[in-house]
Amino acid sequence: MRARTTTLSEGRYGGTVRRTVLPGGLRVITEALPAVRSVSFGIWVGIGSRDEAPSVAGSSHFLEHLLFKGTKRRSALEISAEIEAVGGESNAFTGKEYTCYYARVLDSDLPLAVDVVSDMLTSSVITTGDVETERGVILEEIAMHDDDPGDVVHDVFTGAVFGDHPLGRPVIGTVDSISTMTRRQIHSFYRRRYQPEQIVVAAAGNLDHGTVVRLVRKAFGAAGFLDGSAEPAPPRRGERSVPILTPSVQVVTKDTEQAHVILGTRGIARDDERRFALGVLNHALGGGMSSRLFQEVRERRGLAYSVYSYSTQYADAGLFGVYAGVAHKRVGDVLTVIRDELALVADRGLTDEEVARGKGMLKGATVLGLEDTGSRMSRIGKGELVYGDVLDVDELLGRIDAVSVDDVRSIASELLARPMSLGVIGPFDGHDFSEAVAS
């Protein structure tokens, strides 16, 4: 199979975006930004926590840690030292549907970044000793996470919406699953899942697309990823299952200074054309200090310091929620205000002014979030991986501009009228929150 190269865009808000598909299905996508002196290089793998069996919950994140522990050519110290010696930085993150490994370096050090990050991904040794070391590290990470109720409540709410479905589980796993996971299970997950057709290599900055392709071809080819000598992936036991969503209330009883609550419902999938209207709705409803919820909950009533809404999309499902951190005795009042405002918007929609403001906020967030090579790399890498395409920034802004008041009213009337779920953390042993989600 010969490599195929396509020019995707040449927008005025960025450089030329090109994509090359290498043998085996490995995709390389770049955005050339001649005005900068850095390059961000990332490898995106379309595997995340929703692809795990319950017995190995957290294995994607566990594996992310282990790939930094050493390869056939480098120790853990050498992996970090080689990037840091040239003033660069490297890291990784795991989500529910993908994992990303990346480095940001000076443009002249791009060959080093490609070699180090590709070596990590293709040739990790994953020793038993490293598994035991990182097991302790991840258990500490879970403990640190559990000490932050404002963070944990998002897991509680996600579980309330998705239940036992893999999307409802924490990305990091549980104490039980991490404590019992074996080296063999993790290594098997690595070799079965990390295959060329699941991988997108992305780079943004002062670069030449052809040079990046040659570097990637050399790095992945040396590991046998492009010539069929890599361990083949066995047939999957089934595609990702679509969650069956049953609204519920989940309360975690904990002696906290504040109560942390999220009230919300199932959202829309990431390929839903209404996602731009939802983005406008989200910003106008709870995306800033001028948003309706901030004004109603904080400015007019003084019920909470932090209150905001958010929307998350997955391949076949989504979430929409409203978070508030509030004094224990005011939880009922806050939930009543939030519920009433959501019902009001579901019934009447937003005003013309609110929609215009929401569009402006979304457009600003879209453009201002692309002011560095790391965000540019993430945009094209994630876009290629999850959408199979990358919209030019002008196209994105055009789609936002095209959102009408009626579009926002339509998505609000459907989304916000759905049965609500609730996640709560606080000292509420035996408290009944059923009224908070009653229609």
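**Packing, sheet and salt bridges in a predicted model**

The buried residues of helix α10 pack against α9 (275–286), β10 (306–313), β11 (318–326), α11 (331–348) and α12 (352–368). These buried residues of α10, which spans residues 292–300, are Arg 292, Leu 293, Phe 294, Glu 296 and Val 297. The helix is followed by Gly 302, whose phi is positive, near 60°.

The structure described here is a predicted model. Its mean pLDDT is 93, and 95% of the residues of the protein reach 70 or more. Over residues 229–238, however, the pLDDT is below 50, although in the model this stretch has 13 contacts beyond near neighbours in sequence. Where pLDDT is low, the predicted coordinates should not be read in detail.

Two of the helices that receive α10 also meet each other, since α9 and α12 pack with their axes 8 Å apart and at an angle of about 105°. Because angles of 65 to 115 degrees count as roughly perpendicular, α9 is roughly perpendicular to α12. On the α9 side, the residues in contact are Phe 276, Gly 279, Val 280, His 283 and Ala 284; they meet Glu 354, Val 355, Gly 358, Lys 359, Met 361, Leu 362 and Ala 365 in α12.

Helix α12 also packs with α14 (residues 393–401), the two axes coming within 10 Å and crossing at roughly 170°. The two helices are therefore roughly antiparallel to each other. Their contact is made by Lys 359, Leu 362, Lys 363, Thr 366 and Val 367 of α12, together with Val 393, Leu 396, Leu 397, Ile 400 and Asp 401 of α14. Lys 359 and Leu 362 of α12 thus appear in the contact with α9 and again in the contact with α14.

Elsewhere in the chain, seven strands form an open sheet in the order β1-β2-β3-β7-β4-β6-β5, and their pairing is mixed. Strands β1 (4–10) and β5 (89–94) stand at the edges with a single partner strand each, so that one side of each is left without a neighbour in the sheet. On average, and with direction ignored, neighbouring strands of this sheet are turned by 15° against each other. Within the sheet, strand β3 (residues 27–32) runs parallel to strand β7 (residues 199–205), and six bridges join the two; Val 28 stands opposite Val 201 in β7.

Helices lie across this sheet as well. Helix α1 (residues 59–66) lies across β5 and β6 (99–106), running at about 165° to β5. Helix α8 (residues 209–222), in turn, lies across β1, β2 (16–21), β3, β4 (38–45) and β7, and runs at about 150° to β3.

Side chains of opposite charge can pair when their charged atoms come close, and the count in this model comes to 28 salt bridges. In one of these, the side chains of Arg 50 and Asp 316 meet at 3.1 Å, N to O. Arg 50 lies in the loop between β4 and α1, whereas Asp 316 lies in the loop between β10 and β11, so the pair ties together parts that are 266 residues apart in sequence. Arg 50 is buried, with a relative accessible area of 5%, while Asp 316 is partly exposed, with a relative accessible area of 25%.

A further salt bridge joins the side chains of Glu 97 and Arg 270 at 2.4 Å, N to O. This pair, too, links distant parts of the chain, with Glu 97 in the loop between β5 and β6 and Arg 270 in the loop between β9 (259–266) and α9, 173 residues apart. Glu 97 counts as buried at 6% relative accessibility, and Arg 270 is buried as well, with a relative accessible area of 13%.

Another salt bridge lies within helix α12, where the side chains of Glu 353 and Arg 357 meet at 3.5 Å, N to O. Because Glu 353 and Arg 357 are four residues apart in this helix, they are separated by about one helical turn. An α-helix has 3.6 residues a turn, so residues three or four places apart point the same way. Glu 353 counts as exposed at 58% relative accessibility, whereas Arg 357 is partly exposed, with a relative accessible area of 28%. Finally, Arg 73, Arg 74, Glu 82, Asp 115 and Asp 119 are linked in a network of salt bridges.

Definitions and conventions. Residues numbered from 1 in each chain as written. Predicted model: local features only at pLDDT ≥ 70, side-chain atom pairs only at ≥ 80, totals over all residues. Heavy atoms only, no water. pLDDT = per-residue confidence, 0-100. Contact = heavy atoms within 4.5 Å. Pairing = 2+ DSSP bridges. Axes fitted to C-alpha atoms, helices over the stretch in contact; angles between N-to-C directions. Buried < 20%, exposed > 50% of the residue type's maximum accessible area, 1.4 Å probe, protein only. Salt bridge = Lys/Arg side-chain N within 4 Å of Asp/Glu carboxyl O. Parallel < 35°, antiparallel > 145°, perpendicular 65-115°, else oblique.
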